[in-house]
Amino acid sequence: MPTAHRTPTIGVTRRMPFETDADLVIGAIFEDDRPAELRVLHEVTGGEVERAWQRGEFKGKLFDVLVTPVGTGGQRAVLIGAGLRKDLTADRIRRIAIVGSLAARTRRVTRIAFGGWDRVAAAMPPDQIGRSADETVAQACAEGIVLANFEGGSYKTDDSLRPMLDSVELCPFDDGAGVRDAVARGLVLGEVSNIARELANEPGNSLIPRVFADRARAVAENAGLGVEVLDEAAIGGLKMGMLLGVARGSHEPPRLVVLRHEPSNAIKGVTLGLIGKGITFDTGGISIKPAENMDKMKDDMSGGAAVIGAMAAIARLKAPVRCIGIIPMTENMPGGQAMKPGDILTSAEGKTVEILNTDAEGRLILGDALWYARQLGATHLVNVATLTGACVVALGKTTSGLFGTPDRWVEEVRQASERAGDRSWPMPVHDDYKEQLRSEIADFTNTGGRAGGAITAALFLKEFTGGLPWVHIDIAGTAWAEETKPYQPKGPTGVAVRTLAQLALAAESWANVTSER
Ligand code: BES
Ligand code: MN
Ligand code: ZN
């Protein structure tokens with residue numbers, strides 16, 4: 001398969017952008033700037049920005065774009081509107097960097113420089129984790145640049161795809177170790193997001209569970225993670241009746257991938273367990289889905305891809321905490337052996353489940369995986385899944401749902417998602433909803449009806465968390481962008497990858513969270 005992304009080289013220099021060999025310079029201008037007062041820019045553009053401002057063509061409004069020649073050497077500048085100074089955040093910088101980088105690629109330019117970013121850094125509010133504004137800006141820029149170097153049309157055989165960026169210089173910038181490390185961090189976080197996006201974009205006929213497991217192994221080995229791939233016999237040996245129950249409808253055997261990060265400087269007594277839904281295609285099974293939009297269900301492994309990407313970043317950035325990643329992988333198909341409504345499955349934990357709808361398969365494979373994470377010593381659990389249409393109804397397409405306990409653990413995940421640029425918001429998981437899962441014949445059912453469907457799904461998962469601190473991130477609405485935005489092309493978003501990585505990097509702040517609140 002052709003590559004869907006490339007990580008460009010990103011340099012930091014104290015030189016001015018026009019002194020580099022970049023063909024195009026990307027700058028940001030605030031709505032409350034006066035272009036005539038930006039002396040260097042005013043001179044090199046011969047006053048063009050000021051004239052565009054006067055005409056009303058470009059006034060620095062967020063994500064507006066102005067392209068203008070600079071000097072006489074054929075260089076050009078792309079200016080991106082940055083909105084009001086007071087509204088500047090790291091997330092906004094990441095997005096501005098994406099808009100600028102995409103604009104360069106559209107103009108078929110591959111060597112670019114970011115100019116005037118010292119001025120952007122000066123507008124940044126102070127960081128709560130004590131990083132300098134330069135570092136925050138450098139990391140966010142690097143993430144954005146790499147995220148822009150992704151193409152969803154990886155199977156196109158014509159030459160309609162925009163070229164990928166080759167090299168980027170950030171200037172003029174403090175080029176000390178702190179900023180260089182920040183750029184390196186941003187590069188890794190962008191790259192692993194793209195790896196997850198590439199996996200989510202891959203069609204169901206190529207990314208079958210066996211292939212998904214091979215790809216996970218390759219990414220993990222490259223990052224220096226421990227990898228173990230359990231086949232159907234090993235999964236049977238663990239008596240994972242829910243994962244096997246879903247897999248029975250398919251000719252393709254299931255897999256369970258286990259990734260391990262065990263640093264020598266790990267915080268004692270703490271193991272972060274990351275679990276991702278890996279349904280490589282969800283037909284719904286015997287409770288089959290309607291034809292319309294069923295093609296979208298190739299991305300039903302986005303949670304699994306997020307865990308793979310995050311674990312790679314955790315290893316490469318040497319997060320100071322033991323982490324295990326677990327990804328159960330299977331298709332959900334309506335084959336002759338498929339589970340049927342009314343069937344009863346026995347989970348690895350021993351709890352029995354009455355299947356009322358075979359399309360509620362994600363919670364089944366995750367239940368067995370959550371149990372396994374506990375067997376392997378996890379003390380803190382986070383699972384990520386494209387779990388319910390109900391979550392999309394509740395929160396829409398920009399915000400992932402957070403479900404879990406205790407509140408402090410949910411809040412830690414929410415803050416990590418803010419740092420990552422992934423929006424998320426807490427939802428209730430009170431036990432009152434549990435009666436919706438009551439079964440006459442088994443311990444509980446696998447669906448709780450239409451009311452509060454995202455919540456009852458979370459309560460099902462909670463049954464398998466053994467009372468540990470646990471958060472479930474429902475990314476059904478956020479894993480795939482259906483509309484192109486200036487900073488986000490249509491397609492897989494890589495949501496939750498950077499959230500999970502940021503969470504592991506901040507382990508010191510949550511290591512003392514326990515199930516009591
Ligand atoms: N993978 C789907 C959830 C989904 C729906 C993701 C739409 C992205 C967009 C999940 O397996 C599913 O089918 N859930 C059902 C559960 C229901 C049968 C209780 C749903 O949400 O309809
Ligand atoms: Mn389903
Ligand atoms: Zn599904």
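**The metal pair**

The manganese ion (ligand 2) is held by Asp282, Asp359 and Glu361 in this predicted model. Asp359 gives both a backbone O and a side-chain OD atom. Asp282 contributes through OD, and Glu361 through OE. These contacts span 2.0 to 2.2 Å. Along the chain, the donor residues follow the spacing D-x76-D-x1-E. Six donor atoms surround the manganese ion (ligand 2), and their angles run from 68 to 168°, so the arrangement is irregular.

A zinc ion (ligand 3) sits 3.1 Å from the manganese ion (ligand 2). Aspartate 282 coordinates both metals. The protein donors of the zinc ion (ligand 3) are Lys277 (NZ), Asp282 (OD), Asp300 (OD) and Glu361 (OE). They lie 2.0 to 2.4 Å from the zinc ion (ligand 3). Their spacing in sequence is K-x4-D-x17-D-x60-E. What geometry does the site of the zinc ion (ligand 3) have? It is octahedral, with angles of 78 to 175° among six donor atoms. The zinc site also links distant parts of the chain. Lysine 277 is in the loop between strand E9 (271–276) and strand E10 (278–282). Aspartate 300 is in the loop between E10 and helix H10 (302–316). The two residues are 23 apart.

Are these donor residues buried or exposed? The table gives a value for each of four of them.

| Residue | Relative accessible area | Class |
|---|---|---|
| Lysine 277 | 2% | buried |
| Aspartate 300 | 2% | buried |
| Aspartate 359 | 22% | partly exposed |
| Glutamate 361 | 1% | buried |

The cut-off explains the classes: buried means under 20% relative accessible area. Aspartate 359, at 22%, is therefore partly exposed.

**Ligand 1**

Ligand 1 is surrounded by 15 residues. The closest are Lys289, Asp300, Asp359, Glu361 and Gly389. Asp300 is also a donor of the zinc ion (ligand 3). Asp359 is also a donor of the manganese ion (ligand 2).

Where do oxygen atoms of ligand 1 meet polar atoms of the protein? A side-chain N or O atom of aspartate 282 is 2.9 Å from an oxygen atom of ligand 1. For lysine 289, a polar side-chain atom lies at 2.8 Å from a ligand 1 oxygen. Glycine 389 uses its backbone instead: an N or O atom there lies 2.7 Å from an oxygen of ligand 1.

**The nonpolar cores**

How many residues make up the largest nonpolar core? It has 58. Leu272, Ile308, Val382, Ile473 and Trp510 have the most contacts inside this core. Helix H10 supplies the largest share of it, ten residues. Apart from this core lies another, of 45 residues. Its members include Ile326, Met339, Ile355 and Leu366.

Leucine 272 shows how the chain comes together in the largest core. Beyond its neighbours within four places in sequence, leucine 272 is in contact with residues including Ile324, Val382, Trp409, Leu503 and Trp510. Arg322, Cys323, His380 and Ala504 are also among its contacts.

**Alanine 22**

Alanine 22 is found in the loop between strand E1 (9–12) and strand E2 (24–29). This residue is buried, at 5% relative accessibility. Which residues does alanine 22 contact, leaving aside its neighbours within four places in sequence? They are Gln75, Arg111, Ile112 and Ala113. Proline 469 is 447 residues away from alanine 22 along the chain. The C-alpha atoms of these two residues are separated by 49 Å.

Conventions: Residues are numbered from 1 along each chain as its sequence is written. Chains are lettered from A and ligands numbered from 1 in the order in which they are written. This is a predicted model: local features need pLDDT of at least 70, side-chain atom pairs count only at pLDDT 80 or more; totals for chains, interfaces and linings use all residues. Side-chain values use heavy atoms; hydrogens and water are left out. Donors are N, O and S atoms within 2.8 Å of the metal (3.2 Å for Na, K and Ca); water is not among the atoms, so sites may look incomplete. Four donors count as tetrahedral if all angles lie between 85 and 135 degrees; four count as square planar and six as octahedral if opposite donors are over 155 degrees apart and all others between 65 and 115; anything else is irregular. Buried means under 20% relative accessible area, exposed over 50%, partly exposed in between (1.4 Å probe, protein chains only). Helices (H or I, at least four residues) and strands (E, at least two) are DSSP runs, numbered from the N terminus. Contact means heavy atoms within 4.5 Å. A nonpolar core is a set of buried Ala, Val, Leu, Ile, Met, Phe, Trp, Tyr and Cys residues joined through side-chain atoms within 4.5 Å. A residue is near a molecule or strand if one of its heavy atoms lies within 4 Å of it. A polar contact is a pair of N or O atoms within 3.5 Å; within protein, one must be able to donate a hydrogen and the other to accept it, and residues adjacent in sequence count only if both atoms are side-chain atoms.
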